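Good morning, colleagues. Please look at the sequence and the structure on the screen while I take you through them.

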Amino acid sequence: MPEQINISEFVVLTNEDLSSPATSSFHTKMSDCRNTVSTMEECLEMENAAFQKMKKLIKAIHTSGLTYVENKEQYIEVLENLGNGHVNQDNNEIFPGFLNLAVFTREVTALFKNLVQSLSSIMTFPLENVLKSELRDSRLELKKNMEKSLKDYDIKLGKVEKERKERAKQLGLIRVEGSDGAEDTEREKRVFQLQMCEYLLKIQELKVRQGPELLKSLITYFDSQLSFFREGLKAAENLAPFIEKLTSSMYKASNCSISFCFPAL
């Protein structure tokens, strides 16, 4: 795996190079910087694809969720019609049974609709904020500038080394003592360091949006889910005593029907 350099190491090496260019080893890490940027770009593109998929799935969940709510509302109307159809019948247990279950279902369906809408409203903006094209464009522009400055450095260093070899050849020497090219490439190196810093700052900005800010939105949606389950459980617990009573009544009514149809001999 190609050697890389982390941000902290880059900052330390750059500060050392600024303080003492003659003893600095920054120039030996230039290729590591290039490898680091390539790796970062691969990770960012993978993350961008994941965020695009998340946005698409949230939209699908929102659409299918609202369709589910519409079907549930029709189902509630059926329950209400069944309950109203037994109003004038002798069995007074049937009427409140259908209607109370309709009320419960309507309440839970409203909670679910609110949950689905919360997912869309909470997550859509932060995802769009992460996926803004101008962010990607500005990042790629900084990457382009950084790569150009690195190329300029390599060209200048190659030119310096070529001139040194020519001088050595003219003087009949095997090698020329003196600078390794660091002083002659000082300007190009400084430009590269500046461009690399600007690129890394943009990466950190993106990481904040993709990390803490997006996670904060997910936590907000978790709170919405928690509220959905709590309110749903509360509605179920409120209905539970009635359901227990209804179940007992239906059981007795069933036994009476059997006794009526098959009286004891």
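The largest cavity holds about 90 Å³ of space. Please bear in mind that this is a predicted model. A search of the whole structure finds one cavity of 30 Å³ or more. Rolling a probe the size of a water molecule over the atoms shows where empty space is left.

Which residues line the largest cavity? The lining consists of Leu-44, Glu-45, Asn-48, Val-130, Leu-131, Lys-132, Leu-135, Arg-136, Arg-139, Leu-206 and Gln-210. At least two lining residues come from each of helix H2 (30-84), H4 and helix H5 (186-261).

Let me place those helices in the chain. The protein chain contains five helices and zero strands, and from the N terminus on its elements run α-α-α-α-α. Of the 265 residues in the protein chain, 30% are buried. The surface that the chain exposes comes to about 17500 Å², with carbon and sulfur atoms supplying 58% of it.

I turn now to helix H4, which covers residues 133-171. How does the span of H4 agree with its 39 residues? At 1.5 Å a residue, the helix should span 57 Å, and its end C-alpha atoms are indeed 57 Å apart, so the two values agree. The buried residues of H4 are Leu-135, Arg-139, Leu-142, Lys-143, Met-146, Ser-149, Leu-150, Tyr-153, Leu-157, Val-160 and Ala-168. Leu-135 and Arg-139, both buried in H4, also appear in the lining of the largest cavity.

Next, the contacts along the chain. Taking contacts between residues at least 6 apart in sequence, 83% join residues at least 24 apart. A separate pair of residues shows how sequence and space can be set side by side: Leu-201 and Ile-7 are 194 residues apart along the chain, and their C-alpha atoms are separated by 9.8 Å. Leu-201 is found in helix H5 and is exposed, because its relative accessible area is 61%, over the cut-off of 50%.

Finally, the cysteines. How many disulfides does a search of the whole structure find? The search finds zero. For Cys-33, the closest cysteine sulfur is in Cys-197, at 9.6 Å, which is too far for a bond, because a disulfide needs the sulfur atoms within 2.5 Å. Is Cys-33 buried or exposed? Cys-33 counts as buried, because its relative accessibility is 0%. Cys-43, by contrast, is partly exposed, with a relative accessible area of 35%.

Thank you for your attention.

Technical notes
Residues are numbered from 1 along each chain as its sequence is written. This is a predicted model: local features need pLDDT of at least 70, side-chain atom pairs count only at pLDDT 80 or more; totals for chains, interfaces and linings use all residues. Side-chain values use heavy atoms; hydrogens and water are left out. Helices (H or I, at least four residues) and strands (E, at least two) are DSSP runs, numbered from the N terminus. The expected span of a helix is 1.5 Å times one less than its number of residues. Buried means under 20% relative accessible area, exposed over 50%, partly exposed in between (1.4 Å probe, protein chains only). Contact means heavy atoms within 4.5 Å. Accessible areas come from the Shrake-Rupley method with a 1.4 Å probe; for residues, only the protein chains shown count as cover. On a 1 Å grid over the protein atoms alone, a cavity is a set of points where a 1.4 Å probe fits but cannot get out, and a pocket is an open set with protein on both sides within 12 Å along at least five of seven lines; lining residues have an atom within 4 Å of a point. Grid points are joined across faces, edges and corners, and a volume is the space filled by probe spheres set on the points.
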